[in-house]
Amino acid sequence: MKTYSFFGQLVLLILILPLIALSQGTLRGIVSDSLTSEKLIGVNVVLVGTGMGNATNIEGEFTITGIPLNVYSLRVSCIGYSPKVVQVDLERVTVRRLDIRLAPTVIQGQEVVITGQMRGQVAAMNQQVTSNTIINVVSEEKIQEVPDANAAEAIGRLSGVSLTRSGGEANKIVLRGLSDRFSSITIDGVRIPPTDATERGVDLSMISQGSLSGVELYKALTPDKDADAIAGSVNLSTKKAPEQRVMRLDLKGSYSQLTNAYGQYDVAVKYGERFFDDILGVQVTGNLEQRNRSNERIDLDYDQGLNNARDYQITDFTLEYTDEIRKRKGATILLDVNTPDGGSIRLSNVFGRTDRDYLVSTRNYPWGDQVFYTARDREQTTNTINSSLRGDNVVLGGKLNWGISFAQSTSEFPFDYLANFFEPSLTDEKTGKPVSGMLPGTAVIKTNPEQFIPFALNNFQTAFLYTAYFRPERNLDRERVIFADYTKHYSFGQWFAGELKAGGKYRVKNRSRVREEYYAPYYLGYWQDHYRAPDGTVQAKNFTGTRFQGFYEQFVKSPTSRLVHTADFLDATTSNRNLFGTYLLNPIVNRDALRLWYDLNKTGIDANGIREYYSNPAIDAENYGITERVGAAYLMNTLHFGPDITLIAGVRIEQEDNDYSSKYSPYSIGGFPVPAGVTKDTTAKYSETIVLPNFHLSLSPFDFLKIRFAAYRALGRPDFDLRLEKYASWTGASNAKTLILGNSQLRAAKAWNYEINTSFFGNTIGLVSVSVFYKDLKDMFHVLSGANATGNELLDYFGIGWRTLHVGDYALTVPYNSPKSTGYGASSWNIRSISPFSQVS
């Protein structure tokens, strides 16, 4: 309560200051490079001896309003350029436009060459130095000149960011050690909908870096930012169309050393131009890419030593090879119109898609006798489309930022087939030694797991198809947003100036997940000799002319013989692979054979109606439909005390009102080998209103030093499946009982975030930035997974209304809120290059 009282009084004081201020003159213009005429970003533009000033935006534009009528000296400065001071007379003309050209800093007597990448780095440094909050930036030039695979790779160049990878390519970001579900990712302020099945993370591999004009990482939020970003917020920015026509074609090719494969390419095109006396700008970009993302991995299992409980040994050695082709395509269409009031209206459309086509092959070499081979054939498609219409206009002497947007992300597995093969343990008739992974006697292997490999018999004629699963899935997320912000500049006297900003946003999200699972227990002889035709009739299967003809003929001779041998899925000369040049993965199943088998048998059925592939009713509990409605309003004031002190205070209020639809099992699902049962529809609602105070202080005691303090409250909404009115109860093998629940009253996590950032900068040292942060979290959501429970005691403890159907012990999985936790931060260093020039002799 003391924290709320302190911040409440401070916020109220700062917010009422603009009410007594009078706005008068306006100064606007563009700052550009005197040599290249390129517009400069993050340039500090200040009226000397006052608290009034601004920094140029991504278009190189600045605007200062609320200036008392007088004559001023205007100082324009940034890293890498010589500062300039010009006289500005606002006594006679209250609205003036002043375009300024800055000269690069040069080495006396030396010829210099300006490089695009270094110039971009200078722009990024200046943008960070002049920002009122804690921000890191990757420039457009850096993005273009460094061959990052996608947007995630570009973001990963910033300090405090780590990456998760898939097939050697980054696909998600982790800010300050927090899961990607706690970050907000936007394109020009429009959120990219989550692509995960249940979490709120975004797969950024579908967005090409070539369409971006910069990356902005906000490590501290202000009230005008969405609050559900405890870790931070990332904005992928685009620019207006250039004044001069731009046409660019980039062609790249590559070679995969892992698979000795060519056929990889990356094609990107860009066009931009302005029409009708600079009124209309048009930009179009496109990209098409194909990469081989195959990879190898090994996994070791350890246990206590056989002869010494205090020792250890390798008990299983698993090899995995993923053979993958990944394709990416994308396009952007950007239109911007310069309006008579000095503002603009922009129509933005961004599309990105990634297609993955891969076969995952595994086998193990166990110390014991459980030898399995697996083959998983998958197709995955992830795409996003972001469309927005937004404007920056001048209304009643203030700046109105408004917009509407639509965004959609889909992630689906149209084909996902897993086949597990089992090789029985045997004894070699010639030697009498155990084989198929069984080590002789009491042999112990602690290192060099390749020692397991010679003991494998690899008898693929006796190995057989054990089980098979088909698991299609589709996740869809649609989001519609309308927002408006209004900013009014003010000043009283020459030393006090600021901006009062207020706004609101309303967001509606519709999200669904549809997942199915079909299971065939082939090890029990569940192959069926009939199938259901598309017209509904049941007909006899016929494998004549296929690679499985021999299997079918054997069945005709001996109808009780229904085991499907691994050899039928292998090439005449068995395919295999030495992983890392050392570990033999043998066999590798023929992918075409795998698909053919599923196509021939997916509707298998016997005369009694018993299906070959059973639908698992327990999977229904994982499906859902959600409507989230989030309304937000905020008020913030930025107050400048002279040129060296800036104070931001404000408050944001967010209210969510959500509807959830899901499934529950009215009685325990069970049965062997395939679970039987039913699920029914159920619904839930959740509402919560959260007040989020916000405070920032920026100090510039010296020309080379800036210190920032931030204290603000943010939130994190639970994963999509945690608030479902879900109740999945089943009894498995050996009478093992399981209960998986949702929690419809699960609260959003809240965090007080405290941060101190110190930046040293200048033409000789560039930019060095150090940050320390601390997070005080309340109501963080967790999942208690597989806890041993009896009766309803734990359900009552977590406030769950459901009652268990199980008698005796059962494994309980349930989400819950923890009362309090903390996260404190490692320091973050950010070092930038020192000059936009390279010296030549």
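The legends below describe four close-up views of a predicted model.

**View 1. Asp33 and its polar neighbours in strand β1.**
Asp33 belongs to strand β1, which covers residues 25-33. Its relative accessibility is 0%, so Asp33 counts as buried, the cut-off for that class being under 20% relative accessible area. Two partners of the Asp33 side chain are shown. The first is a side chain: Tyr81 makes a polar contact with the side chain of Asp33 at 2.6 Å. The second is a backbone atom: the nitrogen of Thr36 lies 3.2 Å from the side chain of Asp33.

**View 2. The largest cavity and the residues around it.**
Rolling a probe the size of a water molecule over the atoms shows where empty space is left. In this structure there are 11 cavities of 30 Å³ or more. The view is centred on the largest cavity, with a volume of about 130 Å³. Its lining consists of 16 residues. Those nearest the centre of the cavity are Arg191, Ile192, Pro194, Arg200 and Lys509. Sorted by class, the lining of the largest cavity comprises 8 charged, 6 nonpolar and 2 polar residues. Strands β13 (183-187) and β27 (496-515) each contribute at least two residues to this lining. The most comes from β13, which supplies 3 residues.

**View 3. Gly650 in strand β36, shown with His696.**
Gly650 is part of strand β36, which spans residues 645-664. Gly650 counts as buried because its relative accessible area is 0%, and the class takes in values under 20%. His696 is included in the view for its position relative to Gly650. In sequence, Gly650 and His696 are 46 residues apart. In space, the distance between Gly650 and His696 is 9.2 Å, taken from C-alpha to C-alpha.

**View 4. The open sheet formed by β30, β29 and β33.**
This sheet is open and has 3 strands, in the order β30-β29-β33, with antiparallel pairing. The edge strands, β30 (538-540) and β33 (604-605), each pair on one side only. Strand β29 covers residues 530-532 and is joined to β30 by 3 bridges. The two strands β29 and β30 run antiparallel. One residue pair can be picked out in the view: Tyr531 has Gln539 of β30 as its bridge partner.

Note on methods:
Residues are numbered from 1 along each chain as its sequence is written. This is a predicted model: local features need pLDDT of at least 70, side-chain atom pairs count only at pLDDT 80 or more; totals for chains, interfaces and linings use all residues. Side-chain values use heavy atoms; hydrogens and water are left out. Helices (H or I, at least four residues) and strands (E, at least two) are DSSP runs, numbered from the N terminus. Buried means under 20% relative accessible area, exposed over 50%, partly exposed in between (1.4 Å probe, protein chains only). A polar contact is a pair of N or O atoms within 3.5 Å; within protein, one must be able to donate a hydrogen and the other to accept it, and residues adjacent in sequence count only if both atoms are side-chain atoms. On a 1 Å grid over the protein atoms alone, a cavity is a set of points where a 1.4 Å probe fits but cannot get out, and a pocket is an open set with protein on both sides within 12 Å along at least five of seven lines; lining residues have an atom within 4 Å of a point. Grid points are joined across faces, edges and corners, and a volume is the space filled by probe spheres set on the points. Ala, Val, Leu, Ile, Met, Phe, Trp, Tyr, Cys and Pro count as nonpolar, Asp, Glu, Lys and Arg as charged, and the others, Gly among them, as polar. Two strands pair if DSSP finds at least two bridges between them.
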